[in-house]
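Biologist: I have the sequence and the model side by side, and I would like a close look at one part: how the strands are put together. Could you walk me through that part slowly?

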Amino acid sequence: MTYFAFMGALEQGFAYGFLVLGVYLTFRVLDFPDLTVDGSLPLGAAVSAVAITAGFDPFLSLLFALLAGFLAGMVTGILSTKLGILHLLASILTMIALYSINLRIMGRPNITLLGQSTILEPLTNAGIGMFNAAPLLFGLFSTLALLLLLWLLHTAFGLAMQATGANQQMITSQGVNTDRVIILTVGLSNGLAAVSGALLCQSQGAADVNMGVGTIIAGLASVIVGETLFGCRTIGRALLAALLGSILYRLTIALALSLKLGQFSFTPSDLNLLTALLVVGALTLPKLRRKVSS
Amino acid sequence: MIEITDLVKTFHQGSINEVLALSAIDLQVRKGDFITVIGSNGAGKSTLLNCLAGSYPIDSGHIVIDDQDVSRWPEYKRATLISRVFQDPLLGTCGPLSIEQNLALANRRGKPHGLKPGVRQNDRELFKKQLTQLNLGLEERLKDSVGLLSGGQRQALTLLMATLVQPKILLLDEHTAALDPKTALQVLKLTRQLITDQHLTALMVTHNMREALQLGNRLIMLHGGRIILDVSGEEKKAMTVESLLEQFYKVRGEEFVSDRMLLV
């Protein structure tokens, strides 16, 4: 693997890190399988791209993306809690609705950011190469997000959030409205996914309505790979494992793509197969480990 | 003061499986009453508690707690006035959270759960003091996850959590039934101690007639969704298991059939 491929994987790993932290919140903390992210990630990209081309500050566009994603997640939460639609189905409904909404926001299937300023501009202006600037900035951002989540999960609301995922009867009898907790948490998770989309669109230079396909599988793969390799004893450890899992996942993909076996080499179209194999591997590894040790 | 008037609850309404679980329950619980509730299986004991707590919506009737009509309040809102301990020791506590985090959640019952730190240092002092009265050594294990505790320990912790913020009424739904006899006795002792010390108003469902007679100042017997016996004070003190069974014959006017009732 070349240095550029390595830095590229880091950049993607950190950019998707927000999404992975969001997926950790829904799947692991809240026990709410949420596929909305397939729609909220391109939503974030669309909002950010449109905001930038309309002349808004690129950093401000991240905030817009966060808010848009938050609203999308809240819709899923409301469909599931207030209207009683099964969580998985509720999230799929929001996801497909977002496809149309994303097209409406962009007005066309994709927007390029050619010649527009992005959040990377201050760094590249300071003389840092593009390949170093993105991993650096995204790394900083995702670490900040991790620390914020670590704080949030230890607040009173965070405890209620954890209890809502683990024991709804208990937390309801402690006077917590679990509907509200679910709506806010799914909202937050999708806000994070949208920030991922915004970061990706700014580093790749384009937002595309189809860029969200398979997002949830990538997110889940990262969470599971992280958990398997780095453990999840404490909340802090689990959050760190999720972020590291995201980087490891992108590195694995990059490594596989650069692999050559005689005449054979992987192409980007093999990515889905590789992801599936990676998840299966990460899920069975702990069982194999137990078998070997016993 | 809790007033229950004309409370009706039907399950599977309109279907072939329709069951009238509670038919026109009238009950006035005075402040400080410790009422034990007995009755055979399907009498409506648990349904009554679940309707009070708001887990089941009621068909008709009123539940008034200190002049507030809570009949239509959702369960989480009623939890500001009512606390409960379940039969299943796993239900009342949150396994993945630590002992202090569980207590912190209970310490905020009825208050908003905002962005303040979940557990603060002066909370820990309070929790330690409270845990000491359980005599289980839990005060030294604040950071241990509750999932590591035994069923009896979890039930004792649930009791403490239910009384940390004083409820208007404490609901105990056969909370010792899933424990071994020795642990059940300890939890029962703790129940009596907490209720007496804090002068709590409580409703305790039990299948054990002796227990029902020993504890509390008032006893009600449910059958077929109705209160068929309500004794308190000296009258209750004078009762024995035999006289209780006799009462049951008399009120029902039929042969005593349920073998569960004979398990004392």
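Modeller: Happy to. Strand S1 of chain B, residues 2–11, runs antiparallel to S2(B), and seven bridges join the two. To find your place in this pair, look for B:Ile4, which stands opposite B:Leu27 in S2(B). Please keep in mind that this is a predicted model.

The pair belongs to a wider arrangement. Four strands of chain B make an open sheet, with the order S2-S1-S4-S5 and antiparallel pairing. Strand S2 (19–29) and strand S5 (68–69) of chain B are at the edges with a single partner strand each, so one side of each has no neighbour in the sheet. As background, the strands of a sheet pair through backbone hydrogen bonds, and the pairing can be parallel or antiparallel.

Follow the sheet to its S5 edge and you meet a backbone detail. The loop between strand S4 (60–65) and S5 of chain B holds B:Asp67. This residue is not a glycine, yet its phi is positive, near 70°. B:Asp67 also counts as exposed, at 75% relative accessibility.

Now move to strand S9 of chain B, residues 218–223. What surrounds this strand? Six of its six residues are buried, so S9(B) is largely enclosed by the rest of the structure. Buried here means a relative accessible area under 20%. The side chains go both ways: B:Arg218, B:Ile220 and B:Leu222 point to one side of S9(B), while B:Leu219, B:Met221 and B:His223 point to the other, and all are buried.

S9(B) has pairing to show you as well. Strand S3 of chain B, residues 34–38, pairs with S9(B) in the parallel sense over four bridges. Within that pairing, B:Val37 has B:Ile220 as its bridge partner in S9(B). Strand S10 of chain B, residues 226–232, runs antiparallel to S9(B), and six bridges join them. Here B:Ile220 turns up again, with B:Asp230 as its bridge partner in S10(B). B:Ile220 is therefore a handy residue to click on: buried in S9(B), it is bridged to B:Val37 and to B:Asp230. S9(B) and S10(B) form a hairpin with two residues between the strands, and B:Gly224 takes a positive phi near 55° there.

Chain A offers a residue to set beside B:Asp67. A:Asp31 has a positive phi of about 55° although it is not a glycine. Its place is the loop between helix H1 (3–29) and helix H2 (37–53) of chain A. A:Asp31 is exposed, with a relative accessible area of 53%.

To put the strands back into their chain, step back to the whole of chain B, which has 10 helices and 10 strands. For its 264 residues, a compact globule would have a radius of gyration near 18 Å, and the 19 Å of chain B agrees with that. Its C-alpha atoms fill a box of roughly 60 × 40 × 35 Å along the principal axes. Buried residues account for 54% of the chain. Of the contacts in chain B with a separation of 6 or more, 65% are between residues 24 or more positions apart. On the outside, chain B exposes about 12,200 Å², and carbon and sulfur atoms supply 50% of that area. Finally, chain B carries 31 positive and 30 negative charges, whose mean positions are 7 Å apart.

Notes. Residues are numbered from 1 along each chain as its sequence is written. Chains are lettered from A and ligands numbered from 1 in the order in which they are written. This is a predicted model: local features need pLDDT of at least 70, side-chain atom pairs count only at pLDDT 80 or more; totals for chains, interfaces and linings use all residues. Side-chain values use heavy atoms; hydrogens and water are left out. The radius of gyration is taken over C-alpha atoms; the globule rule is 2.2 Å times the number of residues to the power 0.38. Buried means under 20% relative accessible area, exposed over 50%, partly exposed in between (1.4 Å probe, protein chains only). Contact means heavy atoms within 4.5 Å. Accessible areas come from the Shrake-Rupley method with a 1.4 Å probe; for residues, only the protein chains shown count as cover. Lys and Arg count as positive and Asp and Glu as negative; His and the chain ends are not counted. The place of a charge is taken as NZ of Lys, CZ of Arg, CG of Asp or CD of Glu. Two strands pair if DSSP finds at least two bridges between them.
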